[in-house]
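Q: I have a structure to read at the bench. Can you take me through its features?
A: Let us start.

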Amino acid sequence: MSLRTNFTDDLSALPTHAFSYRSLTWWGIIGFMVIEGVAFAVAAAAYFFLMSHEQEWAPRPWEPPNLIAGTLFTIVMLASEIPNTMVKKAAEKYDTAAVRRLLPWIVGIGVLLLVIRGFEFNSLNVLWYENAYGSIIWALLFLHATHIATDWMDTVVLWRLMRTPHGEEPRRLVDVDENALYWRFVWLTWLPIYLLIYWVPRFFR
Amino acid sequence: MTSALEKAKAPPAKVPRDGPRLTGDKLHARLSATWERPRGFIGWLSSVDHKDIGRRYIVAALVFLALGGALAVAMRLQLSRPQNDLIGAARYNEIFTMHGTTMMFLFAVPVMQGMQIYLTPLMVGTRAVAFPRLTAFSLWTYIAGGCLLWIAFLLNVGPDIGWFAYPPLSGPQYGVGKRPDIWAQMVTFTEVAALAVAVSLTATILKQRAPGMTLARMPIFVWATLVTSLMVIFSMPSVALASSFLLSDRLVGTHFYNPAERGDALLWQHLFWFFGHPEVYIIFLPATGFVSEIVATFSRRSIIAYPIVVLSLVATGILAFGLWVHHMFATGLPRVGYSFFTAASMSVSIPTGLQIFAWIATMWTGRPRMQVPLLYVIAFIITFVIGGLTGVMIAAVPLDLQLHDTYFIVAHFHYVLIGGAVFPLLGAITYWFPKATGRMMSEALGKISFWMIFLGFQLAFFPMHISGLLGMPRRVYTYPAGMGLELPNLLSSIGGLVVALAVLLFVINMLASVRRGRLAPANPWDGTSLEWATTSPPPSYNFAHIPVVDSQSPLWDGKGELAVVHGLRVEERELLLTTVMSATPDVRDPSAHPSPWPVIAAAALTVMFVGSIFSPWAVLFGTVPLAIALTAWFWPKTKEPTLEPSIS
């Protein structure tokens with residue numbers, strides 16, 4: 001039995017792109033944020049599980065990580081939200097010229113952050129193979145470093161693409177908007193990790 | 001050049017679109033030209049059609065089922081009599097590890113996801129999955145992981161540490177060689193694959209439902225897919241992290257699981273079972289989706305208590321995350337921990353019980369047709385209830401401590417996994433086979449294999465309750481004579497062989513029916529969900545026009561008529577996005593063209609993952625080809641943007 005087709009609405013006037021939760025890729029990005037967020041949450045749970053076995057944390061004779069690099073990283077990271085918001089707003093206004101101007105700044109900040117991250121690894125006062133405390137501290141920092149590196153790579157590709165004629169395609173501005181959303185997630189996840197790496201080992205001495 | 005702002009405000013381009021003036025054969029020719037995959041081997045590799053991907057997922061999973069099943073037969077032959085020397089202790093360790101690992105990671109989850117990839121877009125009335133290339137990438141990643149495990153086994157470096165790989169046995173001290181690394185990296189492959197599918201399916205369900213298909217009108221199978229996809233998203237990062245920690249303990253000397261250096265082997269068990277228990281429901285809930293669809297169609301009425309069945313699915317999905325410690329009762333826990341996890345484990349039987357009552361009531365008040373798919377459902381209900389009851393028994397700590405690591409547990413989880421997931425799967429394959437192939441499976445052969453599987457299963461696994469109660473431990477390659485274990489083991493072995501033969505018969509039925517089965521019309525079972533509105537097999541573009549839904553049973557309530565919307569482009573791959581709750585038409589969205597880059601990216605990922613078994617530097621250097629492949633995947637292939645957007 002074949003069904004009789006009954007035509008109702010003509011949808012040809014619908015838009016071919018939309019921002020935020022109306023966009024399909026937005027949901028994909030939210031999905032990946034949840035996955036990564038769960039990975040961080042589980043890593044934090046492992047951290048507290050290992051910590052629960054200890055009398056002191058960081059366990060003596062290991063000193064808690066030095067604060068300078070991590071705190072500098074946090075400050076730069078928080079400050080990066082200013083150009084990030086600017087590029088997000090420019091994208092929402094379809095202002096390709098502003099996006100083209102701002103994206104290199106975001107890329108540059110990414111490079112700066114990766115350099116500071118290198119110093120962070122050097123200021124942990126413990127190596128990953130010394131004990132489980134060192135292992136989990138390194139794991140948290142390493143996980144977040146891959147986060148920064150992947151988003152940086154993503155931003156570089158987007159920056160190059162926006163410089164082509166495709167930069168005038170409205171859907172590409174949705175990409176820029178969502179890349180900025182992801183960057184917010186990257187720095188938001190950093191804040192609890194910063195506490196776990198740098199401050200919890202001080203609070204529980 | 002037109003600016004982005006002008007383009008955003010521009011009226012729709014004058015391009016061919018489906019509608020009353022472009023329908024029928026003319027539309028079919030144009031949509032086929034747009035949606036069919038390119039010819040040749042490269043075209044085959046480049047396919048992003050969810051039907052191709054789903055079918056390949058299912059075929060690959062069935063191959064792994066056959067491999068895992070062959071190992072089960074080998075184990076049953078070894079255990080058919082006491083002190084048998086067919087298989088030695090070390091080989092037996094490998095075989096039970098490979099059996100469990102293959103069945104859980106390479107068969108059960110992938111086959112369910114394969115069914116979901118195939119069916120979900122058809123059931124929600126859309127042309128493609130949300131992220132076709134990601135879904136293709138997931139397929140190749142999964143196959144690479146499966147090949148890694150099985151090639152290692154054939155090269156005699158297969159894992160021998162049990163399917164849950166507890167340290168210290170899997171750690172650097174006792175897990176010598178690369179066997180545990182192979183296992184851990186196989187896990188990483190399959191988790192990446194499963195997560196990619198889960199994201200794609202979640203977005204498909206939330207954003208691509210046919211106009212009018214509100215959340216309350218979604219087929220229950222789609223609800224089950226949504227819940228399991230969310231469960232994958234929330235549970236699998238845990239095992240991916242756990243296996244990464246295990247690899248790094250083994251490769252770069254971290255101490256996550258080493259108690260001598262402030263680590264804890266139990267951390268592994270928590271991380272593993274925080275995934276491992278939801279995993280059981282990730283396998284089981286799609287099966288409840290199959291059952292709901294089959295029960296409704298074959299009882300010729302809509303499911304009773306739809307909201308309760310849906311809420312039970314959601315409740316099971318949530319409760320599944322609060323039970324993991326019941327796998328760890330024997331490790332010693334605080335009293336309150338015992339009580340909490342016992343109560344939580346028992347409570348999960350409440351929503352499942354409600355669903356079972358709803359299915360029974362649907363059959364009771366309907367006019368059931370006792371055809372093969374419904375027979376599997378009835379077998380499922382009987383078998384799963386037995387498995388569920390033994391589950392409630394071992395949720396009680398004192399009994400669990402007695403029965404832990406005995407064949408009673410083996411009996412329990414085979415009852416819930418085979419009874420709860422494989423029986424519905426076989427019913428579902430029979431049910432949707434005509435949709436996927438255009439031909440019916442043989443009913444007579446189907447009934448023979450059904451009875452053999454059902455009775456053979458009971459013969460194989462019921463005696464394991466007895467051998468378990470008599471104290472026979474799991475994972476031991478033999479047992480002594482004179483302890484009363486001979487008869488139950490012999491019966492189990494005979495039953496195992498019957499099941500193996502029956503599954504073989506089922507596969508023969510599939511293969512024969514693909515070629516010579518009776519031709520199937522679009523809706524051979526008089527089903528009511530949207531996949532039955534299109535031809536069998538469906539065209540590459542799924543639906544000529546996007547259907548509109550105004551009830552839970554659109555085909556029954558439509559009375560031979562299908563309302564549709566129109567206006568999508570026909571010379572470009574285009575989908576309709578609708579709003580999340582009410583499924584109101586919202587955006588016309590381009591869908592990805594076929595591309596070889598997903599398979600290339602999966603190959604690059606494979607090099608990186610396999611390399612990292614041997615050197616940590618592979619993680620760093622392996623990212624370069626991967627990044628290149630991902631960039632090429634994303635980068636537009638046209639110099640200028642097209643008139644309306646496309647994903648080339």
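**Reading helix, sheet and interface**

Q: What should the 27 residues of helix α16 (residues 443–469) of chain B span?
A: Helices (H or I, at least four residues) and strands (E, at least two) are DSSP runs, numbered from the N terminus. The expected span is 1.5 Å times one less than the number of residues. For α16 of chain B that gives 39 Å, and its end C-alpha atoms are 39 Å apart, so the two agree. After α16(B) comes B:G471, with a positive phi near 100°.

Q: How were residues numbered, and is the model predicted or not?
A: Residues count from 1 along each chain as its sequence is written, with chains lettered from A and ligands numbered from 1 in the order in which they are written. The model is predicted: local features need pLDDT of at least 70, side-chain atom pairs count only at pLDDT 80 or more, and totals for chains, interfaces and linings use all residues.

Q: What is the order of the open sheet of three strands?
A: Strands pair if DSSP finds at least two bridges between them. Here the order is β1(A)-β2(B)-β1(B), with mixed pairing. β1 of chain A and β1 (546–547) of chain B are the edge strands, each pairing on one side only.

Q: In which sense do β1 (residues 4–10) of chain A and β2(B) pair?
A: Parallel, over five bridges. In β2(B), B:A563 stands opposite A:N6, and B:H566 stands opposite A:D10.

Q: How many residues of chain B are in contact with chain A?
A: Contact means C-beta atoms, placed from the backbone, within 7 Å. 70 residues of chain B touch 54 residues of chain A.

Definitions and conventions. Two residues are in contact if their C-beta atoms, placed from the backbone, lie within 7 Å.
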